[in-house]
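Here is a short, informal walk through one protein model. Have a look at the sequence and the structure first, then read on.

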Amino acid sequence: MHVDRVELLRGLDRGDGQCRYLEGRLCTIYDERPDICNVDKMYDRFFRDLMSKKEYYQRNLEGCRDIRKQHETEFLGGDKRNEKKG
């Protein structure tokens, strides 16, 4: 996830780039999470005058996919599902 690479998220880093409130794939403070972790609140607060909500969601989805690809490359040695069988 690399919260350490985003200035506003660094306080959530448990020391290895992962959020200290993440257990597996679940957020342990989801109902009380910071606004920066709430896509809808961030849209209303910072982005609603810049783009439609649909575009904002699409950009967030693309960002998540990019992070996942980077994670697979850095930590898992690439996406093994896409390798050709020899």
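Arg-33 sits in the loop that links β2 to α1 (39–47). This is a predicted model, where local features need pLDDT of at least 70 and side-chain atom pairs count only at pLDDT 80 or more, while totals for chains, interfaces and linings use all residues. Residues are numbered from 1 along each chain as its sequence is written, and side-chain values use heavy atoms, with hydrogens and water left out.

What is the nearest side chain of opposite charge to Arg-33? That's Asp-31, 5.5 Å away, and Arg-33 has no salt bridge although it is buried. Buried here means under 20% relative accessible area (1.4 Å probe, protein chains only), exposed means over 50%, and partly exposed is in between. A salt bridge would put a side-chain nitrogen of Lys or Arg within 4 Å of a carboxyl oxygen of Asp or Glu.

Two backbone oxygens do lie by a polar atom of the Arg-33 side chain:

| Backbone oxygen | Distance to a polar atom of the Arg-33 side chain |
|---|---|
| Tyr-30 | 2.7 Å |
| Cys-37 | 3.4 Å |

Now for another arginine. Arg-25 is in the loop between β1 (22–23) and β2 (26–27), and Arg-25 is exposed, at a relative accessible area of 75%. Together with Arg-65, Arg-68 and Lys-69, Arg-25 forms a surface patch of positive charge. Such patches take residues with over 30% relative accessible area and no salt bridge, joining like charges within 9 Å.

As for the whole chain, its elements run β-β-α-α from the N terminus. Of its 86 residues, 17% count as buried.

Conventions: Patches are made of residues with over 30% relative accessible area and no salt bridge: like charges are joined within 9 Å, nonpolar side chains (Val, Leu, Ile, Met, Phe, Trp, Tyr) within 5 Å. Accessible areas come from the Shrake-Rupley method with a 1.4 Å probe; for residues, only the protein chains shown count as cover. Lys and Arg count as positive and Asp and Glu as negative; His and the chain ends are not counted. The place of a charge is taken as NZ of Lys, CZ of Arg, CG of Asp or CD of Glu. Helices (H or I, at least four residues) and strands (E, at least two) are DSSP runs, numbered from the N terminus. A polar contact is a pair of N or O atoms within 3.5 Å; within protein, one must be able to donate a hydrogen and the other to accept it, and residues adjacent in sequence count only if both atoms are side-chain atoms.
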